[in-house]
Amino acid sequence: MRFADRVANIKPSATLTINAKAQKLRQMGVKIINFAVGEPDFDTPYHIKQAAVDALKKGFTRYTPASGIIELKEAVCEWISKYYGLKYQPHNVLVSCGGKHAIFNVLQAVLNPGDEVVIPAPYWVSYPDMVVLTGGIPVIVPCVPENNFKLTAPALRDAISEKTRVLILNSPSNPTGVHYSAEELESLVEVIKVRRDLVIISDDIYSRILFGDNKWVNVTMVDHDLLDRTVIIQAVSKTYAMTGWRIGFAVGNEDLISVASKVQSQSTSNPCSIAQWAAVEALKGDQSCVNEMVEKFEERARYVVGRLKAITGVRLVEPQGAFYVFPDLSPYYGRQYKNKQITGSVDMADYLMEEAHIAVVPGIAFGDDRCVRFSIALSDKELAEGLDRLETALKNLEG
Ligand SMILES: Cc1ncc(COP(=O)(O)O)c(C=O)c1O
């Protein structure tokens with residue numbers, strides 16, 4: 001059968017491939033410790049689930065407006081005002097089926113074939129493929145661990161061409177967990193300001209999962225002049241342990257949101273009516289569940305960082321938020337096991353899966369082949385056992 005060229009150019013999700021391999025080993029009775037998960041290990045808080053039950057009982061089971069219910073759009077505006085100090089109206093909000101879908105709709109709304117999108121690497125796996133699906137061209141800018149994997153103003157200036165239409169920023173980052181400070185964003189804004197037609201997608205879905213003294217800030221908070229051409233991406237998925245409910249938001253310029261809403265209206269229509277009411281409760285209800293979860297992630301991050309740093313040859317940029325660590329294991333590349341040579345992050349992930357029975361995501365999927373991604377959304381017991389296994393597996397490669 002013949003398929004569309006644009007689909008031939010995208011890759012299947014790396015995490016799905018890893019999970020399929022893990023599943024195969026599990027079926028053979030092997031106990032895999034899964035560091036490849038991209039979601040909190042906590043259950044959705046009770047009061048949020050209860051709001052869904054209430055919605056169901058009240059009969060909110062029909063189509064809603066395609067871009068989301070007004071109550072949820074208002075809740076998003078209140079929430080953004082509380083955490084960003086920015087004022088938006090419901091017409092600035094599109095409610096989509098997760099943050100991923102919100103980004104997809106925005107890219108569909110702004111890109112023409114041949115338009116370029118600047119994406120700093122390491123990046124979240126789906127950005128380049130979503131750009132390719134629109135006919136756009138991802139322009140990947142490698143960011144080095146020596147600069148904490150962050151984009152610099154000179155690198156951004158070099159990456160921007162006549163064809164650049166969009167810049168995607170993600171802070172705190174999946175996979176590195178690093179977060180841009182106000183000063184770092186100010187230096188990027190100097191470059192962004194010059195290109196008045198550039199749209200910025202600020203993927204902020206980990207904004208509330210920040211550790212220590214790190215303060216939440218994004219480009220629009222640094223420079224209000226960018227408000228009109230920045231789209232904020234948010235979701236209840238990670239913040240409220242609601243990955244399966246599929247509710248995310250795009251917030252920004254009214255015209256852009258209206259075009260992105262049109263895209264959604266001709267594809268999925270509204271996100272699940274019941275999940276939308278659960279999201280209203282998530283955003284407006286008791287927020288202590290978020291603080292408890294973040295405390296736990298921070299404690300685990302400290303533990304995992306300590307353990308990884310103690311392993312010979314492992315290099316690491318410490319995460320400031322989210323729930324991932326992205327260590328550089330490349331000093332072990334070139335080593336052999338069972339007559340196979342480890343040449344990159346895919347081989348390393350295969351080795352760790354086969355020999356240590358731990359699942360990690362190869363860094364190449366995030367645009368950096370030196371590293372692999374570990375999620376820290378695992379129980380303390382699993383983290384300890386998984387890191388013991390990693391330590392032994394890497395030791396076995398030495399010599
Ligand atoms: C940086 C980033 N953006 C967006 C998403 C998509 O989130 P959602 O589950 O709300 O679609 C993810 C999920 O892993 C992510 O890590």
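**Notebook: the ligand and the two domains**

I began with the shell around the ligand, whose residues divide into five nonpolar, five polar and four charged; here Ala, Val, Leu, Ile, Met, Phe, Trp, Tyr, Cys and Pro count as nonpolar, Asp, Glu, Lys and Arg as charged, and the others, Gly among them, as polar. I noted that this is a predicted model, in which local features need pLDDT of at least 70 and side-chain atom pairs count only at pLDDT 80 or more, while totals for chains, interfaces and linings use all residues. Residues are numbered from 1 along each chain as its sequence is written, and side-chain values use heavy atoms, with hydrogens and water left out.

I then listed the 14 residues that surround the ligand (a heavy atom within 4 Å), and the closest are Gly 99, Asn 174, Asp 203, Ser 237 and Lys 238.

Next I looked up polar contacts, which are pairs of N or O atoms within 3.5 Å. A polar side-chain atom of Asn 174 lies 2.7 Å from an oxygen atom of the ligand, and one of Asp 203 lies 2.5 Å from a ligand nitrogen atom. For Tyr 206, I found a side-chain N or O atom 2.8 Å from an oxygen atom of the ligand. Taken alone the ligand exposes 400 Å², of which the protein buries 93% (Shrake-Rupley method, 1.4 Å probe).

Finally I turned to the domain assignment, automatic or from a database, which gives domain 1 as 5-43 + 289-397 and domain 2 as 46-285. Their centres, taken over C-alpha atoms, are separated by 26 Å, and the contact (heavy atoms within 4.5 Å) takes 35 residues from domain 1 and 34 residues from domain 2.

Notes:
Polar contact = N/O pair within 3.5 Å; in protein donor to acceptor, adjacent residues only side chain to side chain.
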